[in-house]
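Open the model in a viewer and keep the selection tool at hand. The stops below go from helix pairs to sheets and then to the contact between chains.

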Amino acid sequence: MDELKVSDARPYEIVQERETIQYIVIKLGNEQYGIDIKFVDNIVRMQHITRVPKVMNYLKGVINLRGEVIPVMSLRLKMDLPADEITKATRIIILKLEQQGTIGIIVDEVKEVVTLITDEIEKVAYDGTDDRVNFITGVGKHNNELISLLDLNVIAL
Amino acid sequence: MDVNQYLEIFLDETREHLESLNAQILKLEQEPEDADTINEIFRAAHSLKGMAGTMGYKRMQALTHDMENVFSEIRNGTMKVNSNLVDTLFQCLDALEEYTANIQETADEGTNDNQQLITQLNKYLKSQGNTQPEAEKAPESQEPVPEGPEEKWLDIKIGESERLVFSNAKAQGKNVYGITVCVQESCLLKAARAFLVYKAVEEKAEIIVCNPPANDIEDERFDLDFSLIVVSDCDLEEILKSARNVSEIEKVVGAPYEFEAVETLEPKEVKETETKPAVSSQPQNAPAKANDKKPAGKPVVNRTVRVDIEKLDVLMNLVSELIIAKNSLVSASNAEGVSGNGVNEHIEYLESVTTNLHESVMKVRMVPIESVVSKFPRMIRDLSKKLDKKMELYMSGEETELDRTVVDEIGDPLMHLLRNSADHGLESAEVRAERGKPEVGSIFLDAYQDGNNVVIEVRDDGNGIDVEAVKNKAIEREVITAEQADNMSEKDIINLLFHAGFSTAKTISDVSGRGVGLDVVKSKIESLSGEVEVKSKLGEGSTWIIRLPLTLAIIQALMVTVGGEKYAISLGSIQTLEDIAPSDIKLVQNREVIHLRGSVIPIIRLSEELDIESCKAPDENMTVVIVKKGDKLAGLVIDELMGQQEIVIKSLGKYISKCKIISGATILGDGEVALILDANALI
């Protein structure tokens, strides 16, 4: 009996070691970004956004999501990319963050959900000279493509 | 079953009793001879002791026990109330509050024995030449136990098996008792009380027969009394006492149970017929007893239900959703042009129902501010001693009702203003005498409803605000420069008091004046969508006026458009709507104003404030919404009026909180979000 238990435990341990995180892959221009799925509450189509005056330019306004008023920001403007071009593929990803509460971010396109193994994610070293690096926690590889993993806490600051 | 499930009831009731004790002891100090007050205090203390005992909070029980002894002496007239005694009693109440707070957090009373307070109480008792046992007897002799009509346990029919048990118990030298427990008529949770009694008795004795059966008691299927037959080693008095310790128990009677030997059946029949008339006389007796136990004027039966505030919040949210749904129905029917088949009448009916529903739910959420202000007389009394100033607090309008969430939040700001008045406002006795004012300073707390607002005023007849002192302090603290100060009106300078980091008290006392305070008061009240202002006359006193909205969630609003965007303005702040020709606008100090019915009103162009292009040509007549804040007016220039609507206020969330002129958002009938303009911030 004792032996059996030991052999049972081993494969389980291996799975435990290789921790995985699921990411939603989105597109901004030609680049691919990943958003940790545990923060994603919902993905909705582009809809009318009510402008809020006197706020930062990347805050596009508020939307009505099933009776809740939720602020929406443009990921492109936040990352100093050219302004959004609204197409049929444009989506608003609703994020639930611990500190900032619920916010929506506008992305060009939602592609797929990928599972990345934590070990294979390359950490990005902090570089004070380039602002854009700060939005990214690491880079993951999937099907020979690179996915920049977004640091949501920095984005939602 | 576990005592823990009664913890909430215990906490609620303890707080109620403590609150009443606080108020009554204060009253006792004023009228030491008032029998009603003393009886009320005694009852509250007694219930507290009983409750603490049943829940197993020994320290709390010990302290209340000694307090009860003191009250009993006062009631018997062998002890006089003096200020020192009242002080000690208040300290005891504080200690009890501490226990309660501990229990709420950890379900444990903590380890503070408060031995010092107990010794102090006993010292008072001893100094009156009374010993404790005497005091303890007092409450019992007060409630004589008339045996006879209450002895309902005699009705219990016992079977062979029980009789056998009794015989065996007797043989083992144990006692068999019959007990009848009467629950108070006003008791809300009879089953819970009965259970507590049951549990208390069970600790001391083995319960053999229960009438009605235990299951029925648990399901509350009994009148006001139930009977037990128990077997125990203990003294009867001991068992009865533990049962009496449960609060809201009218009385517990008991006696050794005489049972017949197994063979004789006939005498039992006789006994039953004997007791029957006695039982029927019980109902006449009981109400009479209940009446002389309670002070006149208090309803015997409390027809209320305790509801969790969260459930009310859910209800309120649902009503909000319903109103949004109704609004969308209205806009859909308008858009589609369906007017046949009386659709409009139905919608109008629906509208009136939802409005009534909203009002009813609002009313349910309203609680009198009494629960907050009732602790203030005690606070002022303490302050009066601490600051060595004589002062009196006069309150009116305690019955004024406000939304529960507001009432919960308003306590601290009010307390701060009262402390402020006591510490900074009122002068010392010598100064008051010099100025020809009565020696005792007066602080007033008045609450009343004013339209859709509730106004709470804190007024004192003290020194008032020294504008010069405020000005100098502001310059010293670099809040303003000397040049700015010269240009400021008296009112502006007084408003500097609400500036963060400002205190004019010359010395820092622990009552108030740490430099934090008035700004916190202001921001707290503003977070409740209210406002605070101050009026003052040097040497005569000052008045702090807090204005709070009756409701926080749903308001009547005027919908307007500016540059194609929809905005809502709360109807409460709107004075009038005006049509103004561009030529009527004049410039005063480089600001646009209009002259309207004798007053000059500054104009605010909303399109500029909101950073949007107005859709109107500059030479067209302008629609101006005149809004007021306190006694200030301003005209908001809008593009078009859309109409009046009931709107549900939704928060914009923390993320967009920086925008001052927007106080929130609302969802319109078509699902679109419209922002709510904060007229107060615009002025």
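## Helix pairs in chain B

H1(B) and H4(B) lie roughly antiparallel to each other, because an angle over 145 degrees counts as such. This is a predicted model. To see the pair, select residues 7–30 of chain B for helix H1 and residues 83–106 of chain B for helix H4; their axes come within 11 Å and cross at roughly 170°.

Next, show the side chains at this contact. On H1(B), pick B:Leu11, B:Thr14, B:Arg15, B:Leu18, B:Leu21, B:Asn22, B:Ile25 and B:Glu29. On H4(B), the partners include B:Val86, B:Leu89, B:Phe90, B:Leu93 and B:Leu96. Coloured by class, the contact of H1(B) with H4(B) shows 10 nonpolar, 5 polar and 3 charged residues.

Move on to helix H7, residues 160–171 of chain B. H7 has 12 residues and spans 16 Å from its first C-alpha to its last, close to the 16 Å expected at 1.5 Å a residue. After H7(B) comes B:Gly173, with a positive phi near 85°.

Now select helix H8 (residues 190–204) and helix H10 (residues 236–244) of chain B. Their axes come within 8 Å and cross at roughly 155°, which means that H8(B) is roughly antiparallel to H10(B). H8(B) and H10(B) cross in the right-handed sense. The residues to display are B:Val197, B:Ala200, B:Val201, B:Glu203 and B:Lys204 on H8(B), and B:Glu238, B:Ile239, B:Ser242 and B:Ala243 on H10(B). By class, 5 residues of the contact of H8(B) with H10(B) are nonpolar, 1 is polar and 3 are charged.

The last helix pair is helix H12 (residues 309–336) with helix H13 (residues 343–365), again in chain B. The two pack at an angle of about 160°, and their axes are 10 Å apart. H12(B) is therefore roughly antiparallel to H13(B). Here the crossing of H12(B) and H13(B) is left-handed. Among the residues of H12(B) in this contact are B:Leu312, B:Leu315, B:Met316, B:Val319 and B:Lys326. H13(B) contributes residues including B:Val343, B:Ile347, B:Leu350, B:Glu351 and B:Arg365. The contact of H12(B) with H13(B) has 14 nonpolar, 3 polar and 3 charged residues.

## The sheet in chain B

Switch to a cartoon view of chain B and find the open sheet of 6 strands, ordered E14-E18-E19-E17-E16-E15, with mixed pairing. Strand E14 (574–580) and strand E15 (586–588) of chain B are its edge strands, and each pairs on one side only. On average, neighbouring strands of this sheet are turned by 40° against each other, direction ignored.

Inside the sheet, select strand E18 (residues 622–629) and strand E19 (residues 632–638) of chain B. They are antiparallel and pair over 7 bridges. Which residue stands opposite B:Lys629 in E19(B)? The residue to pick is B:Lys632.

## Strands in chain A

Chain A also has an open sheet of 6 strands, in the order E8-E1-E2-E11-E10-E9, and its pairing is mixed. Strand E8 (109–117) and strand E9 (122–123) of chain A are at the edges with a single partner strand each, so one side of each has no neighbour in the sheet. E9(A) runs antiparallel to strand E10 (residues 136–142) of chain A, and 2 bridges join them. For a pair to label, take A:Lys123 and its bridge partner in E10(A), A:Gly138.

Then pick strand E3 (residues 40–45) and strand E6 (residues 91–97) of chain A, an antiparallel pair with 5 bridges. A:Val44 is opposite A:Ile92 in E6(A). E6(A) is also joined to E7(A), antiparallel, by 7 bridges. In that pairing A:Lys96 has A:Thr102 in E7(A) as its bridge partner. E6(A) and E7(A) make a hairpin, with 3 residues between them.

## Where the chains touch

Finally, show both chains. The contact involves 17 residues of chain A and 21 residues of chain B. On the side of chain A that touches chain B, the elements giving two or more residues are strand E4 (59–65), strand E5 (68–74) and strand E7 (101–107) of chain A. E4(A) gives the most, with 4 residues. By class, this side of chain A has 9 nonpolar, 6 polar and 2 charged residues.

Notes: Residues numbered from 1 in each chain as written. Chains lettered and ligands numbered in written order. Predicted model: local features only at pLDDT ≥ 70, side-chain atom pairs only at ≥ 80, totals over all residues. Pairing = 2+ DSSP bridges. Axes fitted to C-alpha atoms, helices over the stretch in contact; angles between N-to-C directions. Contact = placed C-beta atoms within 7 Å. Nonpolar A, V, L, I, M, F, W, Y, C, P; charged D, E, K, R; others polar. Parallel < 35°, antiparallel > 145°, perpendicular 65-115°, else oblique. Left-handed = near helix turned anticlockwise from the far one by under 90°. Expected span 1.5 Å × (residues − 1).
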